[in-house]
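Thanks for coming. I will go through one structure this morning, beginning with a term I need later.

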2 protein chains.
Amino acid sequence: MPDVHIDLGPRSYDIRIGPGLLAQPAVLEAAVPARDVLVVTNATVAPLYLETLQRGLAGKRLGSVILPDGEQFKTLETAARVLDAMVAQRLNRDACAVALGGGVIGDLTGFAAACYQRGIDFVQVPTTLLAQVDSSVGGKTGVNHPGGKNLIGAFHQPRAVIADLATLRTLPPRELRAGLAEVAKYGLLADAEFLDWIEQHAHDLLNLDTDALAQAVRRSCEIKARIVAADEREHDQRALLNLGHTFGHAIENALGYGEWLHGEAVAVGMLLAADLSCRIGWLDRADVERVRALLTRLGLPVAAPPIGVARALDLMAMDKKVLAGRIRLVLLRRLGEAVVSGDYPADALQATLGAHFGGRNA
Amino acid sequence: MPDVHIDLGPRSYDIRIGPGLLAQPAVLEAAVPARDVLVVTNATVAPLYLETLQRGLAGKRLGSVILPDGEQFKTLETAARVLDAMVAQRLNRDACAVALGGGVIGDLTGFAAACYQRGIDFVQVPTTLLAQVDSSVGGKTGVNHPGGKNLIGAFHQPRAVIADLATLRTLPPRELRAGLAEVAKYGLLADAEFLDWIEQHAHDLLNLDTDALAQAVRRSCEIKARIVAADEREHDQRALLNLGHTFGHAIENALGYGEWLHGEAVAVGMLLAADLSCRIGWLDRADVERVRALLTRLGLPVAAPPIGVARALDLMAMDKKVLAGRIRLVLLRRLGEAVVSGDYPADALQATLGAHFGGRNA
């Protein structure tokens with residue numbers, strides 16, 4: 001099975017991708033050499049995979065903490081619970097935290113590991129497609145604040161990522177589709193050929209074909225790895241990975257975290273980014289329709305909730321990609337090539353927002 | 001007035017040292033070029049210096065948050081209040097936090113700045129001697145946990161440090177003395193000549209002689225700068241700065257944070273480190289008495305509270321300097337040269353603890 005390497009000098013690490021990796025103690029031992037280990041997971045994932053993971057880590061001093069499941073628990077308070085567990089287990093600086101779950105568990109665990117004694121190792125064991133292709137890779141950790149998503153966090157690279165494709169068999173179909181939104185994102189932002197491939201293999205991916213999943217996860221991670229290696233701390237190029245996210249965060253925030261899945265919000269956000277890219281002459285309308293068709297084929301939403309233009313703008317302005325008061329957006333120069341830009345006519349953005357978020361409060 | 005430069009590549013910064021710096025807008029503007037600024041201070045310092053600082057920062061979009069004063073408020077909950085203020089002010093990534101106060105304010109503000117949007121700039125304006133010579137320099141930020149001091153934190157270097165010696169005129173004498181403990185620490189761990197100088201100038205320092213203070217702060221920062229530049233993330237050499245701290249943390253933790261001042265606990269801790277260094281043959285008993293005499297001359301405690309050997313050991317084992325179960329201590333090879341070592345006979349440590357912490361629970 002193919003591996004992906006993230007090249008970040010002293011913070012480099014490998015991503016293992018394949019079916020059944022969790023049941024292979026040698027894979028776990030290579031990723032988690034520490035003696036003291038705290039596994040962080042949630043109430044949904046624990047009954048499915050915690051015992052398998054614990055068996056694979058037998059011989060270590062092992063603790064675990066089981067958090068409630070859901071984006072609404074991705075808070076500083078929940079991170080404090082993980083920190084409490086680290087203190088209670090008396091973990092030292094050479095200990096390791098293992099995040100077993102989706103993006104919320106990975107972000108929370110990584111942030112707690114970043115803060116505990118100013119930074120201990122952690123390993124990502126993502127059990128959702130979204131986490132396997134996106135959140136487990138690249139070192140962004142954090143929690144939400146009532147004022148905005150991921151406003152509190154740290155850059156903290158994992159020691160290793162183990163993407164066990166077998167865990168996707170227990171994933172609710174809606175979450176699988178949300179993960180495919182991020183897969184589509186990589187094609188749209190960086191690789192037209194991969195975009196073609198996704199269009200051709202949408203059916204296989206939705207049916208959990210192992211070869212198709214392995215290829216989708218591997219190629220997604222490769223693209224992310226390349227971008228992260230070039231710009232670890234998001235000064236410029238890394239912001240490309242946020243295609244669809246500024247619009248998407250506005251949706252998630254307006255509706256309350258957890259109402260829409262992150263990938264669903266990103267799907268609609270990418271459609272808005274395509275729409276705006278069309279209005280400024282970068283894409284044809286046919287390109288926008290191709291994006292809409294792909295998202296529809298993947299079973300993803302393509303209609304934004306009617307939160308109103310003013311509210312959308314307000315929430316977008318809170319997004320981290322605002323520099324000196326300007327909303328910088330990831331737009332599509334063409335399908336397969338994204339750019340970060342604050343250089344678009346304000347009325348083009350207004351038109352995109354009006355067409356998708358409706359006129360209420362506008 | 002002399003400056004000290006901390007050489008950390010892209011994270012390098014300057015320390016400005018002198019009387020009346022806060023009243024010099026040019027000094028502030030050089031340190032804080034950002035447009036959006038949040039000043040974090042406490043209820044004791046705010047009436048004394050907040051207005052002066054605000055005047056010096058006139059023209060910026062300025063917010064402030066005034067926290068209660070005291071080590072007992074150096075918690076994740078208080079850091080969350082600072083983060084709330086950052087969100088409420090809608091600070092972007094190019095904003096800057098300014099810590100106006102002692103070590104608690106500096107550590108808290110630095111940690112909040114490290115976490116907000118995964119890291120924004122912050123500037124230290126230390127108003128205690130302890131903060132000027134120690135906590136404001138070097139990028140260690142964090143908060144306490146009921147299970148131990150500074151268990152939650154981040155390495156996050158300030159953008160600049162402004163040590164206004166005039167602020168020391170309003171410092172309670174007890175806190176001045178606690179700060180002098182850390183000054184003595186630098187002499188003990190790295191500079192026998194500076195140790196001589198401190199002995200000769202103890203009276204001037206206690207009487208707030210500006211030239212003596214400037215020399216003490218400058219030399220302390222120089223020593224700290226050299227050590228931090230060699231080992232930013234405390235893998236080895238930086239631990240030297242913790243001379244007296246593992247013993248001291250045990251005292252602070254046993255009595256409850258805030259009962260003893262940090263510098264007072266470190267003073268006794270240094271005496272214990274000297275005592276242990278003597279028991280393993282590195283120091284003469286006369287050296288230990290010289291340490292005791294200097295601390296006494298500086299008005300610092302030299303008697304540990306009778307918390308018992310077992311409790312002391314337990315609390316020391318929770319200290320971060322434990323690697324793989326061994327308590328590593330900073331010991332004195334001679335006066336003016338410290339080393340980090342876990343390689344001492346257990347009964348020598350027992351004897352030191354027994355002689356100072358008493359036999360209760362032992």
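I call a residue exposed if 12 or fewer other C-beta atoms lie within 10 Å of its own, and buried if there are 20 or more. With that in hand, the outer face of α3(A), the one turned away from the helix's buried side, carries the exposed residues A:Glu77 and A:Ala88.

Bear in mind that this is a predicted model. Chain A has an average pLDDT of 93, and 96% of the residues score at least 70. For the complex, the predictor gives an ipTM of 0.88 and a pTM of 0.90.

Back to the helix. Which residues of α3(A) are buried? They are A:Leu76, A:Thr78, A:Ala79, A:Val82, A:Leu83, A:Ala85 and A:Met86. These residues cover an arc of only 170 degrees around the axis, so they sit on the same side of α3(A). As a reminder, an α-helix has 3.6 residues a turn, so residues three or four places apart point the same way.

The length also checks out. Helix α3 of chain A runs over residues 76-88, and at 1.5 Å a residue its 13 residues should span 18 Å; the end C-alpha atoms are 18 Å apart, which agrees. Just after α3(A), A:Arg90 takes a positive phi of about 55 degrees.

Now the pair of chains. A turn of 180 degrees, with a shift of 0.0 Å along the axis, lays chain A on chain B with an RMSD of 0.0 Å. The two copies are therefore related as by a two-fold rotation axis. As for the interface, 100% of chain A's interface residues are also interface residues in chain B, so the copies meet through the same surface.

Technical notes. Residues are numbered from 1 along each chain as its sequence is written. Chains are lettered from A and ligands numbered from 1 in the order in which they are written. This is a predicted model: local features need pLDDT of at least 70, side-chain atom pairs count only at pLDDT 80 or more; totals for chains, interfaces and linings use all residues. Copies are superposed by least squares on the C-alpha atoms of residues with pLDDT of at least 70 in both. Two residues are in contact if their C-beta atoms, placed from the backbone, lie within 7 Å. Helices (H or I, at least four residues) and strands (E, at least two) are DSSP runs, numbered from the N terminus. The expected span of a helix is 1.5 Å times one less than its number of residues. The arc is that of the directions from the helix axis to the C-beta atoms. pLDDT is the predictor's confidence in each residue, from 0 to 100.
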